[in-house]
Amino acid sequence: MLHLLWVLIVGAVIGVIAGAVTSRDLPLGWIGNIIAGLVGSWLGEMILGSWGPMIAGMAIIPSIIGAVVLVLIVSVIIGTRKKKS
């Protein structure tokens, strides 16, 4: 149970980092960050492998790269604009 909590927290942080790197809004707010982080982590590790530092069973660098790619693809598909800050 504690591992699942860590996975969700790390997934959310990866999603936030991906959103910050791309300067794009994710749909569904923090839930979108968690989904983007988890799916991006899976995508990045499938394509790039598991290398670099690992937290909660996720390789951080490939996970962030995968999440950035995922956020860019999703924002192009749904037409999300850049943040107005």
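In this predicted model, Ser63 sits in helix α3, which spans residues 60–78. With a relative accessibility of 0%, Ser63 counts as buried. Its side chain still has a polar partner: a polar atom of the Ser63 side chain lies 2.5 Å from the backbone oxygen of Ala59. Setting aside neighbours within four places in sequence, Ser63 is in contact with Ile14, Gly40, Ser41, Glu45 and Met58.

Ile14 brings in the packing of α1 against α3. Helix α1 covers residues 2–22, and it packs on α3 with the two axes 8 Å apart and an angle of about 55 degrees between them. That angle is neither under 35 degrees nor in the 65 to 115 range, so α1 and α3 count as oblique to each other. The crossing of α1 over α3 is right-handed. On the α1 side the contact is built from Val10, Ile14, Ile17, Ala18, Val21 and Thr22, while α3 supplies Ile60, Ser63, Ile64, Ala67, Val68, Val71 and Leu72. Sorted by class, the residues of this contact come out as 11 nonpolar and 2 polar, with no charged ones. Ser63 is thus one of the α3 residues that α1 meets.

Ser63 also turns up where α3 meets α2. Helix α2 runs over residues 30–48, and its axis lies 6 Å from that of α3, at an angle of about 115 degrees. The 65 to 115 range counts as roughly perpendicular, so α2 and α3 are placed in that class. Here too the crossing is right-handed, with α2 passing α3. From α2, the residues involved are Ala36, Val39, Gly40, Ser41, Leu43, Gly44, Glu45 and Leu48; they meet Pro62, Ser63, Ile65, Gly66, Ala67, Leu70 and Val71 in α3. By class, the contact of α2 with α3 has 9 nonpolar residues, 5 polar ones and 1 charged.

Glu45 deserves a closer look. This residue belongs to helix α2 and is buried, since its relative accessible area is 18% and the cut-off for buried is under 20%. The Glu45 side chain reaches the backbone nitrogen of Ala59 at 2.7 Å. Ala59 therefore has polar partners on two sides, its nitrogen facing the side chain of Glu45 and its backbone oxygen lying 2.5 Å from a polar atom of the Ser63 side chain. Not counting residues up to four places away in sequence, Glu45 touches Ser50, Gly57, Met58, Ala59, Pro62 and Ser63. Met58 appears among the contacts of Ser63 as well.

Just before this stretch comes a backbone oddity. Ala56 is not a glycine, yet it has a positive phi of about 55 degrees. Ala56 lies in the loop that joins β1 (54–55) to β2 (58–59).

The remaining helix pair is α1 with α2. Their axes come within 6 Å and cross at roughly 95 degrees, so these two helices are roughly perpendicular to each other. Val7, Leu8, Gly11, Ala12, Ile14, Gly15 and Val16 make the contact from α1, and Asn33, Ile34, Gly37 and Leu38 make it from α2. The residues of this contact divide into 7 nonpolar and 4 polar, and none is charged. Ile14 is listed in the contact of α1 with α2 and also in that of α1 with α3.

Asn33, in helix α2, counts as buried because its relative accessibility is 15%. Beyond neighbours within four places in sequence, Asn33 is in contact with Gly11, Ala12, Gly15, Val16 and Leu26. Asn33 and Ile47 are 14 residues apart in sequence, with 20 Å between their C-alpha atoms.

Other residues of these helices are more open to the outside by the accessibility cut-offs. Trp30 has its place in α2 and, at 62% relative accessibility, counts as exposed. From Trp30 to Ile14 the C-alpha distance is 11 Å, across 16 residues of sequence. In α1, Ile9 is partly exposed, with a relative accessible area of 40%. The C-alpha atoms of Ile9 and Gly32 are 13 Å apart, and the two residues are separated by 23 places in sequence.

Note on methods:
Residues numbered from 1 in each chain as written. Predicted model: local features only at pLDDT ≥ 70, side-chain atom pairs only at ≥ 80, totals over all residues. Heavy atoms only, no water. Helix = DSSP H or I, 4+ residues; strand = E, 2+ residues; numbered from the N terminus. Buried < 20%, exposed > 50% of the residue type's maximum accessible area, 1.4 Å probe, protein only. Polar contact = N/O pair within 3.5 Å; in protein donor to acceptor, adjacent residues only side chain to side chain. Contact = heavy atoms within 4.5 Å. Axes fitted to C-alpha atoms, helices over the stretch in contact; angles between N-to-C directions. Parallel < 35°, antiparallel > 145°, perpendicular 65-115°, else oblique. Left-handed = near helix turned anticlockwise from the far one by under 90°. Nonpolar A, V, L, I, M, F, W, Y, C, P; charged D, E, K, R; others polar.
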